[in-house]
Amino acid sequence: MPARVVVLGGGVGGTLAANLLDKELGHDVHVTVVDPTGMHDYQPGYLYVALGEAKGHWLTREERTLLRGGVELAIERAIRIHPDAGTVQLERGGELSYDYLIIATGARLVPEAIPGLSEGSFEFYSLAGAERLSQELARFPGGRIKIGVAGIPYKCPPAPVEFAFLVEEFLRKRGIRDRSEVELLSPLNRAFTIESASTLIAPIMEERGIGLTTFFNVEAVDPSAGVVESLEGEKQEYDLLVLVPPHKGQQVVIDSGLGDPGGWLPTDKHSLNVDGQERIFALGDATNLPISKSGSTAHFEAPVIASRIASLIRGTAPKENYGGRVMCFLETGNGKATSLRFDYEHPPVPPQPNRAWHVAKWLFNRLYWETVPQGRIPEGAPFSKPKDPSH
Amino acid sequence: MQEIVVKQEQNLQGATVDVTRSIDARGMPCPGPLMSLIGVIRESQVGDVIEVLSSDEGSRSDIPAWVQKARHELIEVVPEDGYARFVIRKAR
Amino acid sequence: MNETIAITLDLKGLSCPMPIAKTAQAIRALRPGQLIESLATDPGSVPDFKAWCVSTGHELVEQTEDSGVFRFVIRKEG
């Protein structure tokens, strides 16, 4: 009788974990991925859609095409998890039993949490939002573009900084840079979360004339006045406002009583077990870990969870731990980028932005569909598991 | 991360402070202890006490700076072995 | 100095009485014996911190200046 593993969520983490388990255990496991849309989206591409550099159809594929043949896909919405019974209740009335559960439900956007946000600003955290922003930028006559953050935690900490650099380049290409301003409203006292990276990009921002406002956590937007307000008590006027919307954990996590006030799952930073749950693991954006919510985090967590579940199914002690490994790119415009590689033991040492990392990011974007969800990133490649991430 | 719902702590004057939520951000440079603190403060109630564990040296300037700017209360900074504990009350 | 500084305050650009006021506010969070570091550009902060330490009993452990930035390391009394 094969062990039953249910994976909630068919994003990068859920897909990879399912494939690795199926590959490792074959007939000894039956894996079911539950996903409400059955479509897998490559979210890092939205930034490029917003700037008119890419089209949305390239960014979405059917989840079925990314899963191994032995993995079942249920295109359903999970509405409740019952840890004691070991079951997951589905919206259309069905129920799934599991021996092990992986909650990889990600993060959702809740723009309604900030008054005036939907009406008064743009975002590139959804495909529709990115397309809307791209249309607005195409007809933008020049003016003050302000980029900010309207809730913490949020996916992809580099994204607002990348947008600032790329939109500044966009304005130059459109010939309206001289009658425009670009200002980054940072929630912190510097441009970026990682101090060493912030020090690296500060002179580049200054060179490009990108302004920086510090300690600006968006609290409200006044669309008619064109004003954005911070909880620290500051107000700024804008002509085009681009905000990272507030994020929240999925409703199923909240309704199951498993989440913290933000809907995030309390998770062990090494084993990735949901606190107090031996048979339930949390993966990717859905956890409450104060680490980057990024695809790379999920990418590196998935093999750990798959390995631990495989051990448990075989009756041996799980050995693999998640060491906090993350690998992110940060575009700085003009065909250059830097990279942020770190883990719990090694802080990042980002290189001076160069063309090589920009090309690496471009290559990663192009190769994603054929490599990442299937676990095909070869050892030794920049995104696989090195011994010291500071190289 | 450990969700510590009620935790008794001795503060400087010997009175006890109930920690509402604890954030273990040791070894986590991104988004960082301060950013995590801001997020938890935003979803907390006035009067809640939030504790942040940070091994990042920058926190000793980052955290007090934002707490002052956002007009919350820094209750105490406790040195531990290889990290520090910052205890903050949401004041408004 | 080997001891760890618990809080660093960047008070550059602030003028009297803000450097002292902000230091006094932050030092409340420390236990006796802990260190706070304040960085100020107001030259008036030098006599201010000396006088404040005398009247409060906090110990002015270090006071240096580098390119117009005054650095004060203070040990909380008690």
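Which residues does C:Asp42 touch, not counting residues up to four places away in sequence? In this predicted model, the residues touched by C:Asp42 are C:Leu14, C:Ser15, C:Cys16 and C:Phe70. C:Asp42 itself sits in a loop of chain C, on the way from strand β2 (35-40) to helix α2 (45-56). With a relative accessible area of 16%, C:Asp42 is buried. The side chain of C:Asp42 also reaches the backbone nitrogen of C:Gly44, at 3.1 Å. A further relationship links C:Asp42 with C:Gly68: the two are 26 residues apart in sequence, and their C-alpha atoms are 8.5 Å apart in space.

Chain A offers a good place to follow how strands are arranged, beginning with strand β1, residues 3-8. This strand is mostly covered, as 5 of its 6 residues are buried. One of its pairings is with strand β2 of chain A, residues 29-34; the two strands run parallel and are joined by 6 bridges. Within this pairing, A:Ala3 has A:Val29 as its bridge partner in β2(A). Helix α1 of chain A, residues 12-25, completes the picture here, since β1(A), this helix and β2(A) together make a right-handed β-α-β unit.

Strand β1(A) also pairs with strand β9 of chain A, residues 100-103. This second pairing is again in the parallel sense, over 4 bridges. Here the bridge partner of A:Leu8 is A:Ile103 in β9(A). Taken together, β1(A) is joined to β2(A) and pairs with β9(A). As background for looking at such strands, side chains in a regular strand alternate between the two faces of the sheet.

The cysteines were examined next. A disulfide is a covalent bond between the sulfur atoms of two cysteines. How many disulfides does a search of the whole structure find over all chains? The search finds 0. Two cysteines of chain A help to show why: the sulfur of A:Cys156 has its closest cysteine sulfur in A:Cys328, but at 6.1 Å this is too far for a bond. Looking from the other side, the closest cysteine sulfur to that of A:Cys328 is in A:Cys156, so the 6.1 Å separation again rules out a bond. For comparison, the cut-off for a disulfide is a pair of cysteine sulfur atoms within 2.5 Å. Are these two cysteines buried or exposed? A:Cys156 is partly exposed, with a relative accessible area of 28%, whereas A:Cys328 counts as buried at 11% relative accessibility.

Methods
Residues numbered from 1 in each chain as written. Chains lettered and ligands numbered in written order. Predicted model: local features only at pLDDT ≥ 70, side-chain atom pairs only at ≥ 80, totals over all residues. Heavy atoms only, no water. Buried < 20%, exposed > 50% of the residue type's maximum accessible area, 1.4 Å probe, protein only. Contact = heavy atoms within 4.5 Å. Polar contact = N/O pair within 3.5 Å; in protein donor to acceptor, adjacent residues only side chain to side chain. Pairing = 2+ DSSP bridges. Right-handed = clockwise from strand over helix to strand, strands pointing away.
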